[in-house]
Structures are given as C-alpha cells and as structure tokens.
Amino acid sequence: MKRLGVDVGGTFTDFFYIDEETGAIVLNKVPTTPTDPSVGVMAGALEVCDMAGVPASGIDQFFHGTTIATNIIIEHNGSKTGMITTEGYRDIIYIARHKRPLNFSLRQDLPWQKHVLVDRRNRLPVHERVIAPQGEVLVPLAEDEVREAVRKLKAEQVESIAVCFLFSFLNPEHELRVREIIEEEWPGVYVSLSHEVIPQFREYYRFTTTCLNCYMGPKVSRYVNNLASAMKQEGFGAELHLMQSSGGVATLEGALSRPVTLLMSGPIAGLIGGIWAGRNAGFANVITLDVGGTSADIGVAPSGEMRMKHLLDTKIGDYDAMVPMVDIDTIGAGGGSVAFVDEGGMFRVGPRSAGAEPGPACYRRGGLEPTATDANLTLGRLNPNNFLGGRMTLDPSLSEKAFDDHLLPQLNMDRVDAALGAIKILEAAMMNSIEMNSVRKGYDPRDFALVAFGGAGPLHACQIARELSIPAVVIPPNPGITSALGLLATDIAYDYSKTELMFISDPDLEKLSADFAELEREATERLRKDGMSDDRIVLQRLADCRYFGQGYELRVGVDSGGAITGATITSLRDAFDQAHLQQYKTLNPESEVQIVNIRVMGFGGMPKLEWQPLGKGKAVPVDGALTARREVVFQVDGATREFDTPIMTGRSSLPATR
Amino acid sequence: MYRRVEVDPVTLNVLGGAFNAIASDMAQVLYRMAYSSIIRESEDIGAGIYDTDARELCESASTPMHVGSIPGYLRGIMKVLGDDIDDGDVILHNHPYFGGSHSPDVCVAIPIFYEGKLIAFAANTAHWIDTGGAYPGLNVDVVDVWAEAKLLKAIKIDEKGVRNKQVERFLFDNVRTPTNDRGDMEAQIASCRVGRERFLGLIERYGLDVVMSAADHWMDYAERMLRAEIEKVPDGTYHSEGWLDDDGKNRDVHLKVSVDVTIEGSDITIDLSNSSPQVATSYNVPFDGSTLVAAHYIVRTIFLDEATTGKYVPQNEGIFRPITVIAPEGNIFNPRFPASCTSRFMQCQRMADCVILALADVIPERVTAGNSAHAYAIVYSGYVPERQQYWVNLEVSEGAYGAMLGKDGTDAVDNLIANTRNNPIEDLDWHYPMRNLRYELRPDPPAPGKWRGGLSIIRENQFLGEGFVSIESDRHYEKPVGLFGGQPGMTGALTLNPGTEREEKWYSKITGARVAPGDILRIESPCGGGYGDALERDPEAVLKDFLDELFDAEHAQQYYGVVIDEDMLVVDTSATSRLRSER
C-alpha cells in the first residue's frame with residue numbers, strides 16, 4: 001500500500017510518504033497557503049508523487065491532519081456567528097458554569113466572557129420549550145419569531161447560525177424546524193443544530209460545542225471542500241481522511257458535519273509521531289514538544305500511551321468542547337509568534353502569530369513586526385542561507401529592523417537583549433505548560449525523554465530540558481515532518497454510539513442486541529469502504545454505565561459478538577463493579593446500575609511503520625558533519641555574549657555526537 | 001516525627017506538583033462518584049492532605065470555604081480522640097464548636113500510618129444535602145445547634161477497617177436523604193483512600209524526611225511570598241463596615257459587620273470586634289471553621305492574586321501565618337456554644353468585601369468596588385411517600401464582581417469565597433419535580449462607572465408538586481458600594497409568583513416555607529458597584545453594552561454622557577463631547 005500523510009500547520013505543510021512494499025520514503029515541506037491551504041497541500045502532494053515516481057492515482061491512502069480548526073479558536077478569528085435559542089436562556093454560553101477558573105483572584109478574566117463566541121446582540125431567544133423526560137412539547141415553536149431572528153441575523157451579516165434549544169436531544173423537532181425555516185429565509189448559510197453536534201444532556205456544554213462548530217465551521221468546510229475537489233482534479237483517487245481529536249480518523253462527510261471534532265487534529269498526529277519516535281529511540285515515557293509557526297503542543301505520554309480527557313474536561317483554548325479528545329495542551333507560542341509591548345507596558349510574545357503570510361519579518365514577505373524566528377535569526381541560531389534545507393533564504397537585516405522599529409523604542413534594552421528576552425518569554429510559556437501536564441499531575445520529568453519536533457521545537461528543547469531536569473532529548477530525523485509521519489503511525493478508528501438509558505436489572509435484550517448489531521454494521525461498512533479487508537477489522541463493544549444517581553459514567557467492555565444474553569448482562573454488571581473498584585477503590589453491589597450509552601469502536605489495523613535505525617554515535621563528529629562555525633549569542637551564567645559555535649548538519653551527525 | 005533535610009530544587013518542584021496533583025485527584029474521585037448534585041455538579045467540596053499538627057500540605061482547587069476549613073476539623077477530631085486513632089479508622093466530623101465549618105459540611109478523615117506511626121491525614125469535606133435538622137436541608141430560624149443537624153463529633157464509621165453497622169444505621173435512619181448521603185459518604189471515603197495511597201507512594205519513593213521537608217519548604221515559600229506583598233502596604237489601620245439584612249427572625253433589624261485591617265510590617269490583623277453580637281438564630285459564624293477561613297481567603301486573594309502574580313504560589317499553611325483574626329466570644333463571628341451557627345456564609349462574604357474596601361485607598365490598583373458579596377443558597381425539597389425519603393435540591397446562585405481599576409466587574413460568576421458550579425437546567429428539570437423557566441443576565445443596567453460593575457442573573461424556578469423552600473442569603477438591604485465616583489450596584493430580590501395577584505416579596509432568609517404546585521420563585525441576584533466616574537468611560541465600551549441590549553440610549557446619555565446615534569448604531573462623538581463638557 002502507498003500511503004501519504006499530510007499535516008497542515010499554521011506556517012508549513014508537511015508530507016510523509018511511504019511505500020509499504022518497497023520501504024521507500026519521501027519527505028516534503030512547503031509553506032502553508034493560508035488563504036486556501038489546499039493550494040499548498042496539492043502542490044506539495046504532487047511534488048511527492050514526482051519524487052516517488054508514482055502517479056496521483058497510485059496513492060492508496062491520503063491521511064490529513066490540520067491545525068486550521070485549532071488556530072481559529074486560539075487566535076479568536078472565527079466566523080461571526082448567530083445563535084437562536086430558547087426564550088429565557090439567552091446567556092447560557094456567557095454564564096457558563098458560573099465558576100471562576102482561579103480561586104484566588106479578583107482580577108482574572110473569564111475567557112468565555114472576554115472572547116464570547118457569539119455576541120449577546122446576536123444571541124436571539126425565541127419561544128419554544130421541550131421538556132423531560134419524554135421530550136413532550138410544552139411551548140410550541142414560535143415560527144414567526146424564528147423567521148424574524150433569521151432576518152435579523154442576515155442583516156447583521158453573520159456567517160453561521162447555531163440552533164440551541166433545551167432538551168433537543170430528547171426531541172429534535174423544534175431544532176429541525178428552525179433549520180427548515182432558515183433554508184427558506186436564507187438558503188446556504190452555515191447551520192448547526194445542537195442535537196446533531198452532540199446529542200447529550202448538560203445544556204452549557206452542548207450549546208458551547210455547537211457555537212464552536214459554527215464559529216469554525218464555515219472556514220473549515222471551505223477548506224476541506226476545496227481540498228477534496230482539488231484532489232479530484234489532480235487525479236488523486238484515494239478518499240480523504242482527517243485526523244480527529246479522538247486520535248481516530250474521519251471521512252470527508254463526517255468531518256464536514258462536525259468540524260468541531262477536527263480540533264487538535266494536527267497536535268494529536270504530532271503526539272502519535274512523537275511517541276513513535278521516542279519508542280524507536282528506546283524511551284517509553286515521553287513528553288512531546290511540537291512547535292510550529294503559530295502554536296506549541298505539549299503532550300505527556302507515560303509508557304507511550306495517549307491519555308484521553310474526560311468528556312466534561314475537554315477544552316479547546318478557553319472553551320469547553322464536548323468531543324472525545326486526547327489529552328494534549330496547546331499554547332499560542334511558535335516561531336511566528338509576534339513580540340510586542342502591550343497596553344500595560346508588558347513585553348509579550350504571542351499568541352498572535354505572523355503565520356506564513358506575511359510570516360516573520362525575515363521571510364521578506366512584507367512582515368514588519370519581530371517574531372520568535374526573527375529573534376532566533378538575530379541571535380545567530382538560524383542560518384539565513386539554509387532555512388528549509390536551503391529552499392528559503394532569510395534576511396537578517398529585516399529581523400533587525402523589525403526589532404529596531406517596533407520593540408526597542410518601547411523597551412529600554414538593546415537588540416540582542418530584546419531578542420533573548422523574546423526567546424525566554426516564549427520558552428517560559430512552554431515550560432509552564434510542560435510543568436502543568438507533568439509535574440503537577442505527579443509525573444517526574446526526570447523519568448521522561450523530551451521529544452522535540454515541528455519546525456521550531458528542537459531550537460528550544462535543550463534549554464527547556466535543562467531547566468526542567470529532563471535528562472534526555474530526542475530529536476527525530478526530519479523533525480519538521482513528525483506530525484505527518486504520526487498520521488500514518490496509528491490505526492484507523494471509528495466511534496459509533498447511541499444513548500440507551502436502561503437499567504441492568506431490567507434489560508431489553510432484543511433492543512440491545514439489535515442496536516449493537518446496527519452500530520457494528522455501520523463500523524464494518526465504513527472500514528470496508530476505506531479498503532480494509534475483513535481480517536484487518538477489529539470491533540469492540542463498550543457501554544457507558546453508572547450507579548443510578550451518579551452523574552458520571554465509566555466505560556466498560558461488553559463481551560460476546562453475537563446476541564446480548566442474560567449472561568452478557570451479568571458479566572457487564574461484574575465488569576462495571578470491577579471498573580468502579582479499580583477507578584475509585586470501592587464498589588456497591590447493592591446499587592442499581594444504569595446503561596447510559598452503548599458504543600462500538602471499529603479499528604482498521606495498519607501495518608507497523610518501520611524506519612531504519614541509525615548507527616551508534618561517538619564523542620567526535622563524523623566526517624562531513626561539521627559544516628561551519630559561526631558566532632551565536634547565548635546567555636551563560638547570567639552573562640550574554642557571542643560564542644564561536646560549531647554547526648553540524650543533522651543528516652550525518654549521529655546520536656550522542658556533541 | 002521526621003527530620004528536616006535539605007531538598008534539591010528539582011525534587012521540591014516535583015513534590016510541590018505531586019501534592020497539588022493528589023488533592024486534585026481526591027477531588028476528582030469525589031465529583032465523579034458522588035450522588036448529590038451539590039457535589040457532582042456544583043463541586044461544593046474540599047480535599048487535601050494534612051500533617052499531624054493539622055497543617056495543610058495541599059488542597060484541591062474546589063470551593064474556598066471548604067478547603068481552607070479542613071485543618072479546623074482535624075484539630076477538633078484530635079481534640080476529641082486524642083491518641084485513639086488507628087490505622088483503618090474512617091472518621092466523620094461536622095461539629096461547629098470543634099473546628100467544623102458548619103454542620104452540613106461533613107468531614108471524612110482517614111489517618112495515614114507509615115511504619116506503624118501516624119504521619120498525616122487524608123481528609124475532605126462535602127456538603128451533605130440533608131443532615132437531619134429541624135427543616136429539610138437548610139435551617140435559619142432554629143433554636144440551637146441540636147436543631148440544625150445531627151452532630152457528628154469525631155465518629156468512627158469504620159474502626160480499624162471494620163464498619164460500625166450500628167452507627168451507620170443510626171446515622172442514615174436520622175436524615176431525610178439516606179440514599180444520597182450514604183452514596184456521598186462512600187465517595188468521600190474513596191477519595192480519602194486515593195489520597196492516602198498516593199501520599200504513601202510519594203513517601204516510599206522519596207522518603208518521609210524528604211517529603212515532609214518539602215512540605216515545610218512550600219509552606220515557608222508561600223508565607224514568604226505573602227509577607228513580601230503585605231509589606232508593600234504602608235503600616236496603619238484601615239476601616240470599613242456594612243450592614244446585613246437581619247438574622248432571619250427579627251425582620252429588618254440590621255446587623256453590623258465592622259472590619260479594622262491593621263498592617264504592621266508583613267503582618268496583617270483583621271479585627272471584627274465591633275461587629276454585631278451573636279444572634280438568636282443560626283445566623284452566626286463558627287470561628288475556627290469559617291471566620292478564619294474567609295479571612296485567610298480574602299487576604300491571599302488580594303495580595304497574591306493568581307491572575308497577576310507571575311509565580312505559582314500554592315495555598316497551604318504558610319499563607320495562614322501572617323494573618324491574625326480577632327473576634328471576641330459572643331460576637332456574630334465567634335458565637336458561644338450552643339448557639340446555632342449553620343447559616344454563616346453571607347457574613348463571611350460581607351467581611352471579605354469589607355476587607356477589600358478598607359484597603360481601597362492604599363492599594364486602589366488591587367481592589368474592587370463593592371461586590372455582590374453574597375449567594376442565594378436555596379433548598380427546594382419535598383417528600384416522596386413511595387420511597388419514604390425526601391428529595392432535596394440545593395441551588396447556589398452566582399453574583400457579580402465590583403469594578404476594578406482598568407477592568408469592568410466580572411458578570412454572572414460566583415463571588416469571593418463562593419466558587420461552585422451551577423447545576424445544568426437539564427439536570428434540574430430531569431431529576432426533580434421542578435422546572436426552570438428562566439436563567440439569564442439580569443435585565444437591569446450594570447452600575448455605571450469609568451469601569452462598570454458586574455451584572456448578575458435572574459432565575460425563575462417553578463414547583464411541579466408540593467414542597468418546602470428554605471433560603472439563606474442577604475443583600476436585600478444594602479447595595480454594593482461604588483468606588484472613586486462609581487455608582488453603587490444593585491440589591492438582590494426574591495419574588496414568589498411575580499406579576500400575579502399572588503405575588504409576594506420575600507425576605508432574604510426563609511425557613512421551611514410551604515409552596516404549592518405551579519408556584520414560581522423569581523431570584524434576582526445582586527450586582528457589583530462601579531469604579532471611577534462614568535463620564536470618563538470609553539464611549540465605545542458604552543456603545544458595546546448598548547448594542548448588547550444591557551441598557552437603552554437614554555441610559556447611555558443620562559449616566560455616561562454618551563450620545564448614541566440609534567439609526568447608525570454608532571457613538572455621536574461631537575454630541576458626546578459637548579454633553580460631557582457641560583457636566
């Protein structure tokens with residue numbers, strides 16, 4: 001099978017191609033084209049085909065990861081969104097859970113209020129009410145109010161409309177009717193219904209997730225559609241697969257209906273690639289640091305296992321997004337992060353990024369403000385003539401000018417100190433995140449290796465590792481394409497679920513059997529469509545259960561592939577008690593157990609990704625590794641000065657060469 | 001018990017993080033396992049690890065009034081039990097005159113033994129939905145401490161690992177919500193076991209001396225950090241005072257909260273001596289478990305604000321050291337046994353608000369204008385004959401912050417010592433015989449100021465069956481004050497059946513009122529005060545609030561001197577400067 005992984009970052013688009021039969025590998029990296037990233041994807045993919053000597057139609061699998069969705073949220077530049085909601089509940093997304101993130105603070109900002117996803121003026125309540133537990137209609141939908149609201153939102157020129165009614169997951173008829181009315185009044189506008197985005201109770205999470213879907217939806221759909229049609233045009237026959245926040249992949253249709261599941265898509269591919277690289281270097285416990293142009297993603301994987309977040313703890317940036325999500329932290333700190341002085345006179349770096357266009361000042365694309373990359377260039381840490389392996393030339397004088405024009409007048413320091421300061425601020429943000437996710441969760445960084453990748457990760461890894469006492473740093477070969485590689489280092493996985501709300505003491509065996517069978521049929525069909533032969537398909541049955549009265553569920557496996565029998569239920573009950581015992585050190589055999597959701601995970605096994613190991617290193621550089629010496633600024637023992645620094649090429653320097 | 005040793009900086013950092021993680025894990029177990037929505041949704045709990053002197057090593061980031069109170073409970077437990085503490089014991093405690101915060105907050109403590117010696121406690125507190133007082137769930141107008149709850153004075157529910165079935169039966173036969181209380185107690189026990197296991201894991205890995213020395217270090221560090229900030233304020237005594245509504249029985253007899261804050265070097269003293277004497281209802285504040293806790297909370301919050309302090313400073317015993325609190329016995333902040341003292345939250349909030357306001361002139365950049373400094377703690381309940389139990393639902397409504405230098409007051413959020421979460425509407429409607437009809441921002445203008453006060457919420461709950469309501473709150477009498485020319489905020493209001501001929505205005509404290517099917521209770525929470533002259537407010541900020549329909553153009557003109565062109569929806573700048581210059 002010939003497989004291609006493509007990761008679109010905020011700044012660069014990376015490619016990793018492998019032919020499993022011959023073992024041939026092709027790597028590529030092109031600048032991201034932000035106005036339409038599919039342009040860069042296609043250009044780079046065709047280059048890969050060229051290098052590999054295969055036609056576009058010869059690619060069997062096309063896997064794609066993107067930080068586009070995530071960056072929209074972090075940079076607060078999503079679509080202007082409107083909301084139609086139940087009368088009396090205009091401010092649910094603004095009030096949130098009324099709990100402060102910080103206990104001990106008067107001056108904190110509430111992120112969901114400071115950057116509210118939908119302005120109050122565009123949150124329009126209409127009369128309607130569905131009630132629990134059967135979903136009866138208490139107040140019929142005021143259709144004239146809906147029509148008026150749609151017209152108002154059209155006049156306001158919103159780009160998308162979130163429809164969020166109470167209890168819509170019990171009875172969706174009002175939300176569905178609103179969609180019909182919107183189609184009559186304003187055909188083509190982007191619409192999300194809360195019961196379709198996440199059919200679960202707890203209105204604040206459902207509403208916020210739906211608004212997120214609308215906030216990023218138009219931009220993400222435009223992009224994915226462009227890409228799919230460009231692929232078709234260029235002759236790529238393989239179906240487009242997108243990495244999801246759950247660590248599994250989605251097809252084009254799946255991704256378009258719920259772009260919110262594409263959050264963290266790129267970062268998770270990076271984490272998977274980082275775990276893979278760490279394991280190949282002999283480290284099971286890894287902390288991954290993936291620094292791109294716009295953001296840094298930090299993952300902690302004890303024993304090489306990705307950790308999942310609890311469904312009510314899943315956040316993207318500062319917002320609660322109720323989608324299955326791998327535990328990973330994203331901060332707005334990357335090579336393109338802009339260094340500036342804020343209103344309060346504070347020297348800051350990021351989260352605003354110059355991205356790829358115009359990019360850092362030194363890119364010579366019209367960027368004027370200094371960025372982290374400009375700081376690294378100013379300090380001599382980047383070679384202006386060997387950027388992107390020599391495919392791009394940087395102009396240090398533009399970096400210097402950016403510092404001189406935009407920072408030095410406001411900061412009482414010289415250019416070198418300002419550049420060093422910018423790097424320190426950037427690294428402090430990264431260290432803080434690593435500490436939050438390792439030390440503060442009880443993991444000792446001294447037991448871990450730091451796997452650093454992405455365009456800018458390795459530049460900062462050693463300093464960070466030293467300060468946090470992480471004993472080993474792993475820099476994968478071609479660190480810039482680790483996320484693209486990660487896309488191919490995981491199995492295909494789909495998740496199908498259904499809400500049951502059934503007592504274990506009184507199970508409807510027929511319904512459970514039929515529902516499980518239906519979910520399995522969907523999963524199998526999906527995987528076959530992806531070209532999986534039946535021997536590579538693995539199905540897993542799960543149930544989310546709780547003791548009746550509890551508010552949170554535990555996920556347990558369900559035995560037997562065929563019909564659900566009394567014996568299956570008995571062992572499910574045992575499995576739940578045991579899971580409760582393991583998780584909470586206690587169980588309650590007298591208490592009633594409730595099945596809340598059933599779930600089928602369908603996996604399509606992928607061949608192991610192999611990479612030829614490098615040889616063992618020596619204390620002296622091998623011939624040809626040393627390519628140059630130049631002056632690089634470092635701060636050592638508090639003193640800042642230039643050091644005569646040997647420069648070695650990564651391609652021929654072996655491990656432990658120093 | 002242990003030898004203090006040098007600990008290298010990396011280990012210190014790791015252990016500091018591990019302490020934090022243990023407390024956080026303990027809290028997670030409690031939320032996830034619990035049955036009552038006040039625990040699993042509102043997260044009205046505290047959890048942490050404490051040494052044998054009841055010094056706090058770490059606490060969960062849950063509700064401030066809970067977490068800071070556990071040392072008081074443990075001192076009470078040790079006072080009662082002395083050496084009679086064994087491995088495998090599980091101790092229940094809620095006695096307000098033995099360190100308890102108030103009787104509904106039940107503490108579960110598990111001793112941690114290492115090599116046969118008691119070295120620490122894993123403990124948590126959680127709000128039990130009913131503890132068998134005179135009225136379901138919440139008791140304001142009651143005669144004494146025995147009327148407010150079943151008192152648990154260091155009761156061993158497990159002795160040396162064996163459950164005491166008689167005690168268990170007695171306890172759960174004497175509360176109205178045995179299923180919930182039992183499930184919540186088991187969750188608390190499980191949470192403590194997780195704490196014990198993880199703490200012992202640390203000791204096995206790093207050694208007792210290193211772990212405890214690291215804890216000492218973190219306490220010293222927190223103390224140093226707090227002292228450094230207190231020291232920056234000029235020495236002196238700063239005063240502020242306010243008036244509470246009444247005690248819930250003697251209506252409209254206002255009660256004084258008087259605060260004198262004395263700064264002397266790096267020490268701070270909060271003197272409450274001139275506050276009201278204790279009252280005849282449960283509207284009194286247990287000193288160890290609540291007065292101290294609220295004072296510690298507000299001092300740390302003002303001086304080491306987590307949002308503006310660059311460094312991570314853990315909340316532990318070290319924070320308490322620079323702070324002295326004075327309230328003589330017989331004061332509302334230090335009642336004499338056996339006065340009832342379960343309704344203690346509002347006085348603590350107002351005390352915290354007064355501490356902030358007392359310091360306004362010396363540290364105007366760190367304070368807020370008057371806060372809602374309150375909460376509506378409302379218990380809805382009813383009897384379910386077929387289960388021979390009550391359903392009881394406790395709802396804590398948010399408030400809003402006063403405005404600050406450079407920043408509007410925060411809207412619709414738990415204020416000061418409160419930091420719970422709201423219960424989802426879909427949970428309330430699904431699980432109780434009630435229906436919510438409205439929950440959104442209060443439809444009144446926020447308090448004008450150069451920075452405006454925070455806006456709070458309006459909420460309407462309807463009863464679908466017969467039931468009781470009890471309410472603990474305040475702020476129906478005195479508005480949150482404005483600062484430096486800002487306007488005052490708004491008082492709160494409770495209205496039964498608003499807009500009907502059966503409309504009733506309710507006092508802020510209600511004890512066991514009967515309600516009928518169809519009755520609607522409207523709750524309007526108080527709003528924070530403004531900061532600075534409203535005529536100096538950025539006109540674009542005024543326009544934004546206008547567009548978001550917080551007030552109309554007339555209001556903008558009258559209070560802010562901002563003229564809005566209602567056709568173009570922009571600020572009429574020349575008319576605005578003209579109007580502002582005339583005033």
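Two strands are taken to pair if DSSP finds at least two bridges between them. Helices (H or I, at least four residues) and strands (E, at least two) are DSSP runs, numbered from the N terminus. The structure is a predicted model, in which local features need pLDDT of at least 70 and side-chain atom pairs count only at pLDDT 80 or more, whereas totals for chains, interfaces and linings use all residues. Residues are numbered from 1 along each chain as its sequence is written, and chains are lettered from A and ligands numbered from 1 in the order in which they are written.

In chain B, strands form an open sheet of 4 members in the order β8-β9-β10-β11, with mixed pairing. The edge positions are held by β8 (236-244) and β11 (323-326) of chain B, each of which pairs on one side only. Neighbouring strands of this sheet are turned by 15 degrees against each other on average, direction ignored. Within the sheet, β9 (residues 255-264) and β10 (residues 267-271) of chain B are antiparallel and share 5 bridges; B:Asp260 has B:Asp271 of β10(B) as its bridge partner. Helix α11 (residues 345-358) of chain B lies across β8, β9 and β10 of chain B and runs at about 140 degrees to β8(B). Such angles run from 0 to 180 degrees between N-to-C directions, and axes are lines fitted to C-alpha atoms, for helices over the stretch in contact. Two residues are in contact if their C-beta atoms, placed from the backbone, lie within 7 Å.

Chain B also contains a helix pair, α7 (residues 178-206) and α8 (residues 208-230), whose axes are 6 Å apart and make an angle of about 115 degrees. To this contact α7(B) contributes B:Leu202, B:Ile203 and B:Tyr206, while α8(B) contributes B:Leu208, B:Val210 and B:Val211. By class, the contact comprises 6 nonpolar residues, with no polar and no charged ones. In this classification Ala, Val, Leu, Ile, Met, Phe, Trp, Tyr, Cys and Pro count as nonpolar, Asp, Glu, Lys and Arg as charged, and the others, Gly among them, as polar.

Further along chain B, strand β15 (residues 457-463) has B:Ile457, B:Arg459, B:Asn461 and B:Phe463 on a covered face, and B:Ile458, B:Glu460 and B:Gln462 on an uncovered one. Strand β14 (residues 434-441) of chain B is joined to β15(B) by 7 bridges in the antiparallel sense, and B:Arg438 is partnered there by B:Glu460. An antiparallel arrangement with 5 bridges also links β15(B) to β20 (residues 520-524) of chain B, where B:Arg459 stands opposite B:Ile523.

Chain A has 17 helices and 27 strands. Its radius of gyration is 26 Å, close to the 26 Å that the globule rule gives for 658 residues, so chain A is as compact as a globular protein of that length; the radius is taken over C-alpha atoms, and the rule is 2.2 Å times the number of residues to the power 0.38. The C-alpha atoms of chain A fill a box of roughly 75 × 55 × 55 Å along the principal axes.

An open sheet of 4 strands in chain A follows the order β6-β5-β9-β10, with parallel pairing. Its edges are β6 (123-126) and β10 (190-193) of chain A, each with a single partner strand, so one side of each is left without a neighbour in the sheet. The twist averages 20 degrees from one strand to the next. Strands β5 (residues 81-86) and β9 (residues 160-164) of chain A run parallel and are joined by 5 bridges, with A:Thr85 opposite A:Cys164 in β9(A). Helix α5 (residues 143-155) of chain A packs on the sheet, touching β5, β6 and β9 of chain A, and its direction makes about 170 degrees with that of β6(A). Helix α6 (residues 173-185) of chain A likewise packs on the sheet, touching β5, β9 and β10 of chain A at about 170 degrees to the direction of β10(A).

The contact between the chains takes 46 residues from chain A and 60 residues from chain B. On the side of chain A that touches chain B, the elements giving two or more residues are α3 (92-95) and α8 (203-234) of chain A. The residues of this side divide into 17 nonpolar, 13 polar and 16 charged.

How values were computed
A residue is buried if 20 or more other C-beta atoms lie within 10 Å of its own, exposed if 12 or fewer, and partly exposed in between; C-beta atoms are placed from the backbone.
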